[in-house]
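Work through the exercises below with the sequence and the structure at hand. Try each task before reading its solution.

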Amino acid sequence: MVERSIDRREFLYGSAAVGALGLAGCTSGGDSDGGSDMTLRVGTSAGGTKEIGLAVEQVATNNSDSLDYATIESPGFIGTIRRMDQGQFNAGITDNNSLVKAADGRGSFAEQGVDSIPWFGFYGFPYNIYLIARDGTDIETFDDLAGKNVYPAEPGYSTRATSIDVWSQEPTADIYEQMNIIDLSVEDAPGAMEEGSIDACIAYGAPGAGYTGWVTQIASRVDVHYVEPTDALRESGEAYSGAGTSTIEYSNMPLGNQDIGTDTLFTWDIQCNFMFNPTASDDAVYELCRVVDEHNSAVNETAPQFVDFESTSDMHASAVDAFEIHPGAAQYYKDNDAWSDGLTEASRE
């Protein structure tokens with residue numbers, strides 16, 4: 001479990017909020033006793049996130065006689081939070097950083113907040129992020145990025161927001177403030193890197209699943225090397241409440257055929273979760289937890305980025321302390337000796 005302390009306002013589903021979640025046939029039996037409707041409508045971003053959602057849908061269809069699971073495309077992680085708040089679907093895939101910002105009323109939620117935060121179900125997948133630089137630059141460590149053209153992905157991308165959130169806090173804020181942050185689409189980034197107008201950029205993906213497309217294109221066109229993390233960068237990554245950190249063997253996450261000059265990668269991570277509104281019935285959430293736990297390898301075969309759970313307790317490894325666990329998921333963890341005292345079960349009362 002991720003141990004994070006978050007100062008935030010209370011998010012409670014009053015009768016009006018719960019009533020709003022009954023829009024357009026999206027209610028799923030989330031009454032006071034948990035209900036029994038086995039329908040889940042899961043909001044899912046486009047791209048790799050949708051592929052994971054469809055993989056889980058396929059495994060649920062093949063291995064549950066009772067669960068009705070449907071993937072509904074949603075505009076990004078932030079859009080998923082907003083649409084869940086509006087009751088457009090009763091479940092969704094979104095990331096810890098966006099959830100933390102929604103709870104705190106920061107970032108995109110500063111001027112347009114939400115009335116509710118969904119309840120945690122289980123860990124879905126990470127995006128592991130680090131920095132690479134063009135060969136021929138004098139960039140060796142994070143400190144060398146001061147005064148350089150740095151591309152942290154396209155504006156609006158969660159990987160960009162999380163990277164900037166990590167860099168812009170102490171003790172790395174002084175280096176971040178000296179960077180020249182480049183605003184380009186991901187389609188234009190490989191060409192700009194090749195032409196030399198980008199000195200360094202983030203790279204992200206997941207072990208066993210490879211990298212996002214634009215990073216792969218850069219690796220195929222430009223010789224790059226690893227930007228070594230400083231102690232300050234490690235401290236910033238470990239301190240930021242909206243991200244996790246990892247140390248990964250480069251052999252488990254190679255960037256094309258490139259030798260980038262390191263055996264290990266220090267990464268700051270977007271942790272993406274399956275989240276549920278109160279209208280998602282306890283039975284439905286319990287059954288989905290069972291399916292992804294018992295048939296984890298089947299999900300991995302279709303979507304390698306999905307977390308490989310070594311034990312049931314790994315399913316809540318990304319749970320942020322301040323967010324409550326959906327009662328259906330909580331019961332599944334308790335029944336399988338995977339509950340942790342640091343978790344808090346949500347209540348509809």
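**Exercise 1.** Does Ala60 count as buried or exposed? Keep in mind that the model is a predicted one.

Solution.
- Step 1: Locate the residue. Ala60 lies in helix 2.
- Step 2: Read its accessibility. The relative accessibility of Ala60 is 1%.
- Step 3: Apply the cut-off. Buried means under 20% relative accessible area, so Ala60 counts as buried at 1%.
- Step 4: List what surrounds the residue. Not counting residues up to four places away in sequence, Ala60 touches Leu67, Tyr69, Leu288 and Val291.
- Step 5: Compare sequence and space. Ala60 and Ala70 are 10 residues apart in sequence, and their C-alpha atoms are 9.7 Å apart in space.

**Exercise 2.** Determine how helix 2 is placed relative to helix 10, and describe the contact of the two helices.

Solution.
- Step 1: Find the two elements. Helix 2 covers residues 48-63 and helix 10 covers residues 282-294.
- Step 2: Take the axes. They come within 10 Å and cross at roughly 100 degrees.
- Step 3: Classify the angle. Helix 2 is therefore roughly perpendicular to helix 10.
- Step 4: Name the residues that meet. From helix 2 these are Val56, Val59, Ala60 and Asn63; from helix 10 they are Leu288, Arg290, Val291 and Val292.
- Step 5: Sort the residues by type. The contact of helix 2 with helix 10 divides into 6 nonpolar residues, 1 polar and 1 charged.

**Exercise 3.** Which strands pair with strand 4, and in which sense do they run?

Solution.
- Step 1: Start with strand 11, residues 264-276. It is joined to strand 4 by 9 bridges, and the two run antiparallel. In this pairing, Tyr123 stands opposite Asn273.
- Step 2: Go on to strand 7, residues 200-206. Here 6 bridges make the connection to strand 4, again with the strands antiparallel. Tyr130 has Ala203 as its bridge partner in strand 7, and Leu131 stands opposite Ile202.
- Step 3: Add strand 9, residues 224-226. Strand 4 and strand 9 pair over 3 bridges in the antiparallel sense. Ala133 faces His225 in strand 9.
- Step 4: Check how covered the strand is. In strand 4, residues 119-134, 16 of the 16 residues are buried, so the strand is largely enclosed by the rest of the structure.

**Exercise 4.** Which further strands pair with strand 7?

Solution.
- Step 1: Consider strand 5, residues 149-151. Strand 5 and strand 7 pair over 2 bridges in the parallel sense. Tyr151 stands opposite Cys201 in strand 7.
- Step 2: Consider strand 8, residues 210-211. Strand 7 and strand 8 are joined by 2 bridges and run antiparallel. Gly205 stands opposite Tyr211 in strand 8.
- Step 3: Look at the link. The hairpin of strand 7 and strand 8 has 3 residues between the strands, and Gly208 takes a positive phi near 85 degrees there.
- Step 4: Note the burial. Strand 7 is mostly covered, with 7 of its 7 residues buried.

**Exercise 5.** Which residues touch the most other members of the largest nonpolar core?

Solution.
- Step 1: Recall a general tendency. In soluble globular proteins, nonpolar side chains tend to be buried together.
- Step 2: Identify the residues. The largest nonpolar core holds 102 residues, and those touching the most other members are Phe122, Tyr130, Trp167, Trp214, Leu255 and Leu288.
- Step 3: Ask which element contributes. Strand 4 gives the most to this core, with 10 residues.
- Step 4: Follow one of the residues. Leaving aside neighbours within four places in sequence, Leu255 is in contact with eight residues' worth of partners listed here: Tyr130, Ile132, Tyr211, Val215, Ala219, Val224, Tyr250 and Ile260.

**Exercise 6.** Is Asp174 buried, partly exposed or exposed?

Solution.
- Step 1: Locate the residue. Asp174 is in helix 6, residues 173-178.
- Step 2: Read its value. Asp174 has a relative accessible area of 42%, so it is partly exposed.
- Step 3: Compare sequence and space. Asp174 and Ala146 are 28 residues apart in sequence, with 8.4 Å between their C-alpha atoms.

**Exercise 7.** How many helices and strands does the chain have?

Solution.
- Step 1: Count the elements. There are 12 helices and 11 strands.
- Step 2: Add the burial. Of the 349 residues in the chain, 56% are buried.

Technical notes:
Residues are numbered from 1 along each chain as its sequence is written. This is a predicted model: local features need pLDDT of at least 70, side-chain atom pairs count only at pLDDT 80 or more; totals for chains, interfaces and linings use all residues. Side-chain values use heavy atoms; hydrogens and water are left out. Buried means under 20% relative accessible area, exposed over 50%, partly exposed in between (1.4 Å probe, protein chains only). Helices (H or I, at least four residues) and strands (E, at least two) are DSSP runs, numbered from the N terminus. Two strands pair if DSSP finds at least two bridges between them. Axes are lines fitted to C-alpha atoms, for helices over the stretch in contact, and angles run from 0 to 180 degrees between N-to-C directions. Angles under 35 degrees count as roughly parallel, over 145 as roughly antiparallel, 65 to 115 as roughly perpendicular and the rest as oblique. Contact means heavy atoms within 4.5 Å. Ala, Val, Leu, Ile, Met, Phe, Trp, Tyr, Cys and Pro count as nonpolar, Asp, Glu, Lys and Arg as charged, and the others, Gly among them, as polar. A nonpolar core is a set of buried Ala, Val, Leu, Ile, Met, Phe, Trp, Tyr and Cys residues joined through side-chain atoms within 4.5 Å.
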